[in-house]
Amino acid sequence: MTTWDDVSVRALTLPEVVVADHHGMAALRFRKNILATMPDEDTLRVMVSDEQIREAVAEFDWCTEVYWGAKLSAVAVSLTAADDDVVAELITDAWRRRAPNTMVRDFDAR
């Protein structure tokens, strides 16, 4: 079982990622951008691209789509069933969407 602590420890290895509150939920942020939120003990919502959301939902039964109004906005991950490495990859993908290209290149080069 993946926990918030597992997720946040791995996420904090990404440049400029911090843990912060987002409307009463624990959240991972890059600068001002939300990468993921934890609305309850079992669910992590990760803000990746629409394509990545659909791929995750198609591949993993522990992933579901999250809509904000009519807009597809995140993938919800059930942490009790999730694979730690896949969750870390989703967080990294969310970071890559927001980080400047030069920062991503430097991160990949290490």
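**Fold, largest pocket and aromatic pairs**

Of the 110 residues of the chain, 44% count as buried in this model, which is a predicted one. The chain holds 4 helices and 6 strands, and its elements follow the order α-β-β-β-β-α-β-β-α-α from the N terminus on. For a compact globule of 110 residues a radius of gyration near 13 Å would be expected, and the chain, with 13 Å, agrees with this; the C-alpha trace spans about 35 × 25 × 25 Å along its principal axes. Among contacts between residues at least 6 apart in sequence, 45% join residues at least 24 apart.

The largest pocket encloses about 400 Å³ of space and is lined by 20 residues, of which H22, M47, W68, S73 and A74 lie nearest its centre. At least two lining residues are supplied by each of β3 (33-40), α2 (50-59), β5 (63-68), β6 (71-78) and α3 (84-98), with the largest share, 4 residues, coming from β6. By class, the lining of this pocket comprises 10 nonpolar, 5 polar and 5 charged residues.

A pair of aromatic rings is described by the distance of the centres and the angle of the planes. The count comes to 3 aromatic pairs in the model. In the pair formed by F60 and W62, the ring centres lie 4.6 Å apart and the planes meet at 25°, so the pair is stacked, planes under 30 degrees apart being counted as such. Both F60 and W62 are buried. One aromatic cluster is formed by F30, W95 and F107.

Conventions. Residues numbered from 1 in each chain as written. Predicted model: local features only at pLDDT ≥ 70, side-chain atom pairs only at ≥ 80, totals over all residues. Heavy atoms only, no water. 1 Å grid on protein atoms, 1.4 Å probe; cavity = no way out; pocket = protein on both sides within 12 Å on 5 of 7 lines; lining within 4 Å. Points joined across faces, edges and corners; volume = space filled by probe spheres on them. Nonpolar A, V, L, I, M, F, W, Y, C, P; charged D, E, K, R; others polar. Phe/Tyr/Trp six-rings, centres within 6.5 Å; stacked < 30°, edge-to-face > 60°. Buried < 20%, exposed > 50% of the residue type's maximum accessible area, 1.4 Å probe, protein only. Rg over C-alpha atoms; globule rule 2.2 N^0.38 Å. Contact = heavy atoms within 4.5 Å.
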